[in-house]
Amino acid sequence: MDRRSFLTSVGLWFLSQSLIGCQGSPGSKLNVHALKGSIPPQLVRRFRRQVQADALALVPQTQLSELFTQLQTWKLQSKPDTAGGLVTLGDYWLAKAIQQGLIQPLDPAQLTHWDQLPQIWQSLVRRDRPGSDQAQAKSQNQVWGAPYRWGMTVIAYRKDKFKQLGWTPKDWPDLWRPELDQRLSLLNQPREVIGLTLKKLGHSYNTKDIKAISGLQAALQALNQQAKLYSSNAYLQPLLIGDTWLAVGWSSDILPIARRNDQIQVVIPESGTALWADVWVKSASVLPPSLQSLSNQWIDFWWQPQIAKQLTELGTGLSPLVTGSNLGASSALAPDQATFKRSEFLQPLSAATTEQYQQLWLGMRSAG
């Protein structure tokens with residue numbers, strides 16, 4: 001899975017140009033490779049003032065795949081004790097990073113605010129040891145990441161187009177309504193498209209034996225007929241120009257668009273949706289004690305209550321501390337508690353199940 005930002009705003013440009021610390025000699029600075037746009041620049045500046053972090057080298061990168069590659073590069077370096085640091089990963093990438101030995105566990109005892117995280121986030125980043133089957137989440141095992149923001153797969157639609165229809169979309173079944181024939185932009189992601197169809201049929205995004213789901217293939221073929229295009233990085237342009245009327249996409253992409261364009265309305269499907277989280281992970285490289293301390297300070301910073309609030313207000317994601325009773329009022333784009341409980345993180349699947357998803361996806365697309 002690869003979530004990518006659609007627009008490069010002034011804030012993102014500023015982050016990439018003015019907040020990168022001087023690299024210095026290997027091992028002299030804590031390298032923090034962050035997903036561009038995932039942390040507001042003003043909060044980074046506040047961290048620097050708060051801890052006087054001259055030893056911090058912040059390097060924004062545009063895609064999660066690039067960040068994963070950075071971890072692989074560090075592992076291949078001949079002197080692993082002179083490189084490495086912290087990296088943004090999506091929760092979906094954790095299993096692969098653990099299995100390849102790219103990251104090392106965190107010590108919650110060294111993180112001041114760990115106990116303040118709701119249990120759902122603690123469980124998300126507790127995983128089996130390397131070599132175990134799929135590195136599935138296990139609540140009793142080691143902590144492999146520190147969640148700092150999260151979001152959802154959502155529906156975005158044009159208010160002007162739906163005004164003439166006399167109704168507005170509320171949930172996944174609305175994507176199959178005949179008025180939307182060839183009016184949908186969908187993600188080019190099997191887990192997302194098959195998953196929302198499973199949800200429409202009353203099943204989980206993480207269903208293991210999809211061959212046993214009655215009506216799934218027919219529902220996917222019908223949805224494929226509704227779709228005008230599939231894309232994971234250009235699905236919003238057609239919506240903005242009115243070529244499509246509805247798009248399914250990631251909240252981190254869609255929220256900035258909705259803030260700027262009053263014709264774009266965002267909906268969180270009532271039956272639940274796919275959740276994602278961005279987490280800080282520590283490379284397998286050994287850090288000097290001073291940089292180890294700085295890395296813990298960086299992680300803890302994003303869990304401070306005031307910082308969590310500002311991250312939610314200023315950024316394109318929600319802080320994991322924003323999950324309780326105040327969820328719905330915390331952001332312009334946050335689910336209520338009932339919808340949140342019906343939503344799911346995409347879990348790693350076995351090779352056999354992954355093959356089922358791929359075959360169903362290829363069959364659906366070829367039938368179009």
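These are my notebook entries on a predicted model of a single chain.

**Entry 1: the chain overall**

I began with the whole chain, in which I count 14 helices and 13 strands. Of its 368 residues, 55% are buried, and the accessible surface comes to about 15,300 Å², with 49% of that belonging to carbon and sulfur atoms. I then looked up how the contacts are spread along the sequence: taking those between residues at least 6 apart, I find that 77% join residues at least 24 apart.

**Entry 2: the nonpolar cores**

Next I asked which residues of the largest nonpolar core touch the most other members. That core holds 73 residues, and the ones I noted are Ile-39, Ile-103, Trp-280, Trp-298 and Trp-302. I followed Trp-302 further and, leaving aside residues up to four places away in sequence, listed its contacts as Ile-39, Leu-43, Val-44, Tyr-148, Trp-280, Ile-307, Ala-308, Leu-311 and Ser-319. There is also a second, separate core, made of 34 residues, with Val-193, Ala-219, Tyr-230 and Val-248 among them.

**Entry 3: helix 2**

Two of the contacts of Trp-302, Leu-43 and Val-44, took me to helix 2, which spans residues 41-51. I looked up which of its residues are buried, and they are Pro-41, Leu-43, Val-44 and Phe-47. These four lie on the same side of helix 2, because the arc they cover around the axis is only 165°. The general background is that an α-helix has 3.6 residues a turn, so residues three or four places apart point the same way. After the helix comes Gln-52, for which I noted a positive phi, near 50°.

**Entry 4: salt bridges**

How many salt bridges does the chain have? My count comes to six, and I went through several of them together with the burial of their partners.

- Arg-158 pairs with Asp-160, and their closest N and O atoms are 2.9 Å apart. Arg-158 is buried, at a relative accessible area of 10%, whereas Asp-160 is partly exposed at 31%.
- Arg-177 pairs with Glu-179, where the closest N and O atoms are 3.6 Å apart. Both ends are partly exposed, Arg-177 at 30% and Glu-179 at 31%.
- Lys-199 and Glu-344 meet through their side chains at 2.8 Å, N to O. This pair links distant parts of the chain, with Lys-199 in helix 7 (residues 190-200) and Glu-344 in strand 13 (residues 344-345), 145 residues apart. I asked whether these partners are buried or exposed; Lys-199 counts as buried at 12% relative accessibility, and Glu-344 is buried as well, at 15%.

I also noted that Asp-174, Arg-177 and Glu-179 are joined into one network by salt bridges that share partners.

**Entry 5: His-113**

Last, I asked where His-113 lies, and found it in the loop between strand 4 (103-104) and helix 5 (119-124). With a relative accessible area of 15%, His-113 counts as buried, because the cut-off for that class is under 20%. Which residues does His-113 touch, once those up to four places away in sequence are left out? I listed Asp-300, Trp-303 and Gln-304.

Methods:
Residues numbered from 1 in each chain as written. Predicted model: local features only at pLDDT ≥ 70, side-chain atom pairs only at ≥ 80, totals over all residues. Heavy atoms only, no water. Buried < 20%, exposed > 50% of the residue type's maximum accessible area, 1.4 Å probe, protein only. Arc of directions from axis to C-beta. Contact = heavy atoms within 4.5 Å. Areas by Shrake-Rupley, 256 points an atom, 1.4 Å probe, with all protein chains shown as cover. Core = buried A, V, L, I, M, F, W, Y, C linked by side-chain atoms within 4.5 Å. Salt bridge = Lys/Arg side-chain N within 4 Å of Asp/Glu carboxyl O.
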